[in-house]
Amino acid sequence: MTDPIEVELDIYSGMPNPTWVLSATDSTELRRRIDALPTTKAAAPEENLGYRGFLVRLAEGAEPARVWQVVRLADKSVRDAGDRGLERWLLGTGRGKVPADVIAAVEKELG
């Protein structure tokens, strides 16, 4: 049994970001997807206003991993998220929990 993972869509400045908890099945799938990504030396993009990816808490009390073009894990290792499919998948898990206009704005950002 795997611990459920909390996801935060990092999009707002000055107000709380949308958060939700993945099902056990989706938590397992997220871990599988991250483990399958190759490591990279690429840096995460500079933070800006608006969409800044996802923060995922892979273990209770752990520093969150950031998923935004690359995946920066709590241990500071970086995985290549390449085509941004992991971001699209995470966004899909937020449907029904995140306002539709926010989903549409992030989908536009992801291209």
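This text walks through a predicted model, from one helix to a buried arginine and then to the salt bridges.

Start with helix α1, residues 24–36. This helix has 13 residues. At 1.5 Å a residue it should span 18 Å, and its end C-alpha atoms are 18 Å apart, so expectation and model agree. Three residues of α1 are buried: Ser27, Leu30 and Ile34. Looking down the helix axis, these buried residues fall within an arc of 60°, so they line one face of α1. The face turned away from that buried side carries exposed residues, namely Thr25, Asp35 and Ala36.

What do the buried residues of α1 pack against? Their partners are three strands and a helix: β3 (54–57), β5 (70–72), β6 (78–80) and α2 (85–93).

Strand β6 leads to the next stop, arginine 79. Arginine 79 is buried yet has no salt bridge. The nearest side chain of opposite charge belongs to aspartate 35, 4.6 Å away. A salt bridge needs a nitrogen-to-oxygen distance within 4 Å, so this pair does not qualify. Aspartate 35 still offers a backbone atom: its backbone oxygen lies 3.3 Å from a polar atom of the arginine 79 side chain. Arginine 79 also touches Ile34, one of the buried residues of α1. Other contacts of arginine 79 include Leu37, Pro38, Thr39 and Thr40. Val70, Val71 and Leu73 are also among them.

Now the charged pairs. How many salt bridges does a search of the whole structure find? The search finds nine.

Take arginine 66 and aspartate 10. Their side chains meet in a salt bridge at 3.0 Å, N to O. Arginine 66 sits in strand β4 (residues 65–68), while aspartate 10 sits in the loop between β1 (6–9) and β2 (19–21), so the pair ties together parts that are 56 residues apart in sequence. Both arginine 66 and aspartate 10 are buried.

Back in helix α1, glutamate 29 and arginine 33 form another salt bridge, 2.8 Å from N to O. Both residues lie in that helix, four residues apart, or about one turn. Is each partner buried or partly exposed? Glutamate 29 has a relative accessible area of 22%, so it is partly exposed. Arginine 33 is at 27% and therefore counts as partly exposed too.

A further salt bridge joins the side chains of glutamate 107 and arginine 95, at 2.2 Å, N to O. Glutamate 107 is in helix α3, arginine 95 in the loop between α2 and α3. The two are twelve residues apart, and the pair links distant parts of the chain. Glutamate 107 is partly exposed because its relative accessibility is 34%. Arginine 95 is also partly exposed, with a relative accessible area of 46%. Elsewhere, salt bridges that share partners join Glu6, Glu8 and Arg57 into one network.

Finish in helix α3, residues 100–110, at alanine 104. Its relative accessibility is 40%, so alanine 104 counts as partly exposed. Alanine 104 and aspartate 26 are 78 residues apart in sequence. In space their C-alpha atoms are 22 Å apart.

Notes:
Residues numbered from 1 in each chain as written. Predicted model: local features only at pLDDT ≥ 70, side-chain atom pairs only at ≥ 80, totals over all residues. Heavy atoms only, no water. Expected span 1.5 Å × (residues − 1). Buried < 20%, exposed > 50% of the residue type's maximum accessible area, 1.4 Å probe, protein only. Arc of directions from axis to C-beta. Contact = heavy atoms within 4.5 Å. Lys, Arg positive; Asp, Glu negative; His and termini not counted. Polar contact = N/O pair within 3.5 Å; in protein donor to acceptor, adjacent residues only side chain to side chain. Lists of a residue's contacts leave out its neighbours within four places in sequence.
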